[in-house]
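The following exercises concern a predicted model. Each task is followed by a solution in steps.

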Amino acid sequence: MKRFIAAAALVMSCASSAHAAIDAYTFKDEAERARYTELTRELRCPKCQNQDIADSNAPIAADLRKEIYRMLGEGQSNQQIIDFMVDRYGEFVRYKPELNAHTWLLWFGPAGLLIGGVLLIGVIVVRRRKPTAEDANVLSDEERQRLAHLLDKNHE
Amino acid sequence: MKRWVLLIPLALFLGLAAFLYKGLYLDPSELPSALIDKPFPEFSLPAVQDGKPLTRASLLGKPALVNVWGTWCIACRVEHPVLTKLAEQGVVIYGVNYKDVNADALKWLKDFHDPYQLNINDEAGSLGLNLGVYGAPETFLIDSKGIIRYKHVGVIDETVWREKLAGLYQGLVDEGKQ
C-alpha cells in the first residue's frame with residue numbers, strides 16, 4: 001500500500017509539473033486579455049525553441065510575458081510589441097515570419113513543390129496515355145488522301 | 001525522351017543530400033543575433049563592486065568583450081578561468097551580471113578572480129532583455145565606438161577564442177591603431 005501511495009504521489013507530482021506556466025496578470029478588459037493570449041502564442045521562446053512563450057516555463061519566457069504585459073498596459077500596438085521582440089531576438093522569435101527576401105522560400109516553398117509535383121504528374125500522365133483504338137482508326141482528310149493516293153499507285 | 005531528363009531525379013537527390021548534410025553540422029540552439037552591427041543598447045545601471053552609476057559611455061574607447069554572466073550559471077564557472085587568462089593577456093572584458101544577487105556576485109569575484117574591467121549590475125535583467133540575451137554565458141564583441149560586431153552564445157573556451165574571437169578582436173584593435 002505504501003508503495004502504491006508513493007507511486008501515486010510521484011505520478012501526481014509529474015502531472016502538476018507538466019502544466020504550462022500560469023501568471024497572475026489582471027487585464028483592463030477582455031480585448032486586452034485576448035491580445036495578450038494571441039501575442040504569447042505567436043512569439044517563440046528563444047531558449048526552448050519549440051514552444052511559444054505562453055507555453056514555456058523558462059525564465060526568459062516569463063520575462064518576455066512580463067514585458068508584453070507591460071507594453072500592453074502602455075497601450076502599444078501588436079505590431080510595436082512584435083517589432084520590439086524582433087529587434088532583440090531576431091526574426092526567429094516569430095512563428096509567422098514576415099514575408100521578405102529571406103523568407104519567401106519558407107512561405108511559398110511547400111506550395112511551389114506541390115504545384116510542381118502536380119504539373120509533373122500531369123505531364124507524365126498525358127505522355128503515357130496510349131492511343132485508343134478509335135484514335136488509330138481516325139485519319140485526317142490529308143491522311144485519307146495520301147492513303148488513297150498510295151493505294152491507287154499500287155494498282156497501276 | 002531525351003537521355004538527360006533521366007538525370008534530373010539524381011540531381012535533385014544530390015541537391016537535397018547536400019542541404020541535409022550541411023544541416024547535420026548546424027547548431028539549432030545558436031540564434032543569429034539581431035544586434036550585430038547595431039549600437040550596444042543604452043543603459044543606466046549601478047556597478048557590481050561599488051554601486052557607482054554606469055552607462056553605455058563607460059564601455060566606449062576600446063574594443064572589448066562584454067560577457068553576460070551570473071553566479072547561478074554553471075557554464076559561467078567553466079568559462080571563468082579562460083576569461084581570467086584572456087584578461088591577463090590584456091584583453092578588455094566588461095561584465096554584465098545578469099539576474100543575480102549582488103552579494104553572491106561579489107563573493108564569486110572575490111573567491112575566484114575578477115577578470116572584468118567593470119561589472120554592470122543587471123539584477124532586473126533589463127539590459128539583458130535589450131541585448132536579446134536568452135541564456136548565459138553570452139559574450140558580445142564591441143568595437144571602440146560601442147557597435148556590436150559579434151556575439152557568441154555559450155562557453156568561451158580556448159578553441160572558441162582561437163578560432164572565432166581572437167581574430168575579430170585583433171582586427172578591431174588594429175583598426176583602432178590606424
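**Exercise 1.** Determine in which strand B:Ile148 is placed, and establish whether B:Ile148 counts as buried or exposed.

*Solution.* Begin with the location: B:Ile148 belongs to strand S7 of chain B, which covers residues 148-153. Next, consider the surroundings. A residue is buried if 20 or more other C-beta atoms lie within 10 Å of its own. B:Ile148 has 20 C-beta neighbours inside 10 Å and therefore counts as buried. Finally, list the contacts, leaving aside residues up to four places away in sequence: B:Ile148 touches B:Leu35, B:Ile36, B:Asp37, B:Lys38, B:Phe40, B:Phe140 and B:Ile142.

**Exercise 2.** Describe the sheet of chain B to which S7 belongs.

*Solution.* First, write the strand order: five strands form an open sheet, S5-S4-S3-S6-S7, with mixed pairing. Second, identify the edges: strand S5 (118-122) and S7 of chain B each pair on one side only. Third, note that neighbouring strands are turned against each other by 20 degrees on average, direction ignored. Fourth, examine one pair: strands S3 (residues 64-69) and S6 (residues 138-142) of chain B run antiparallel and are joined by five bridges. Within this pair, B:Asn67 has B:Thr139 in S6(B) as its bridge partner. Last, add the helix: H5 (residues 158-177) of chain B packs on the sheet and touches S6 and S7 of chain B. The direction of H5 makes about 165 degrees with that of S7(B).

**Exercise 3.** State how many residues of chain A and of chain B are in contact.

*Solution.* Count both sides: 12 residues of chain A are in contact with 12 residues of chain B. On the side of chain A, H4(A) gives the largest share, four residues.

Definitions and conventions:
Residues are numbered from 1 along each chain as its sequence is written. Chains are lettered from A and ligands numbered from 1 in the order in which they are written. This is a predicted model: local features need pLDDT of at least 70, side-chain atom pairs count only at pLDDT 80 or more; totals for chains, interfaces and linings use all residues. Two residues are in contact if their C-beta atoms, placed from the backbone, lie within 7 Å. Helices (H or I, at least four residues) and strands (E, at least two) are DSSP runs, numbered from the N terminus. A residue is buried if 20 or more other C-beta atoms lie within 10 Å of its own, exposed if 12 or fewer, and partly exposed in between; C-beta atoms are placed from the backbone. Two strands pair if DSSP finds at least two bridges between them. Axes are lines fitted to C-alpha atoms, for helices over the stretch in contact, and angles run from 0 to 180 degrees between N-to-C directions.
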